[in-house]
Amino acid sequence: MYGQAIASALRLHDGREVWMAPLRPDDRDELAEAIRTADLDTLFQRFCGAPPPVTPALLAHLTELDHVRRHALVARDRDGRGVAIGRYEATRTPQVAEVAVAVATGWRRVGLATLLVRHLSDAALRNGFRWFSVTHLPGNRAVARMLRSAGAVRVGPGGEAIVPCRPCAERETPAGLPTRARAGYGTRAR
Ligand SMILES: CC(C)(COP(=O)(O)OP(=O)(O)OC[C@H]1O[C@@H](n2cnc3c(N)ncnc32)[C@H](O)[C@@H]1OP(=O)(O)O)[C@@H](O)C(=O)NCCC(=O)NCCS
């Protein structure tokens, strides 16, 4: 079962719009390309160290999701290109899920990661989670700041943060939604 696409366009601080939809197995090739072409620093920050090799097993793990205990959202631009991805995954601690986010370099500092975390948080809340935990490299000021914007109650210097899951204000309004985003499909993901 797949989660629903977020039907309305979401406006970023610089006026650009994105559409968010759950990541699907069909997005595998686009995700592989995004990982292969991302700069090393982004990959290091995202994976908290050397990125894993892009294997079929990794891609299956990243894209085959139940959208309850493991959920991911991809943000797409007007042309349907994936420009950011955020995911959560249940931890062994009840009601706590681990979150990770990556935003394409040309789309940073306009509120996109914060939006992704808010929408992931909304889904997580509906799926029985109450808290997000985030592990990041200690020097990652961007994610520490972003997590504070997303409502983190604790951002530790060692690279751990806790964010309460909160409902999202946005409502779904299908008008104006590009067909691919409405269907939750896409060929490119990040
Ligand atoms: C960390 C990352 C996800 C932030 O994404 P983003 O879309 O640029 O974040 P936002 O635009 O939502 O920014 C949220 C806040 O963080 C601040 N911020 C973002 N990048 C920053 C940076 N490099 N330095 C300082 N502050 C920064 C923004 O100014 C904003 O602050 P404000 O709400 O007080 O105005 C992005 O830089 C990224 O993809 N990095 C590589 C992967 C990574 O580090 N992932 C995190 C591991 S979980």
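Let me begin with helix α4, residues 112–126, in what is, I should say at once, a predicted model. Because a helix is expected to advance 1.5 Å a residue, the 15 residues of α4 should span 21 Å, and the end C-alpha atoms are indeed 21 Å apart, which agrees with that expectation. Just beyond the helix, α4 is followed by glycine 128, whose phi is positive, near 95°.

How much of α4 is buried? The helix is mostly covered, with 11 of its 15 residues buried, and among these are Leu112, Ala113, Leu115, Leu116, Val117 and Leu120, but also Thr114, Arg118 and Ser121.

That brings me to the core. The largest nonpolar core has 40 residues, and those with the most contacts inside it are Met20, Leu73, Ala75, Ala84 and Leu116. At least two residues of this core come from each of β2 (17–22), β3 (70–76), β4 (82–90), β5, α4, β6 (131–135), α5 and β8 (160–164), and it is α4 that gives the most, with eight residues.

Now to the ligand, which is surrounded by 23 residues, the closest being Gln45, Arg108, Ala113, Ala142 and Ser149; of these, Ala113 is one of the buried residues of α4 that I listed a moment ago. The elements that each supply at least two residues of the shell around the ligand are α2 (40–47), β5 (96–103), α4 and α5 (141–149). Which element gives the most to this shell? Here the answer is α5, with six residues, whereas for the core it was α4. By class, the shell around the ligand has 11 nonpolar, seven polar and five charged residues.

Terms used: Residues numbered from 1 in each chain as written. Predicted model: local features only at pLDDT ≥ 70, side-chain atom pairs only at ≥ 80, totals over all residues. Helix = DSSP H or I, 4+ residues; strand = E, 2+ residues; numbered from the N terminus. Expected span 1.5 Å × (residues − 1). Buried ≥ 20, exposed ≤ 12 C-beta atoms within 10 Å, placed from the backbone. Near = placed C-beta within 6 Å. Nonpolar A, V, L, I, M, F, W, Y, C, P; charged D, E, K, R; others polar. Core = buried A, V, L, I, M, F, W, Y, C linked by C-beta atoms within 7 Å.
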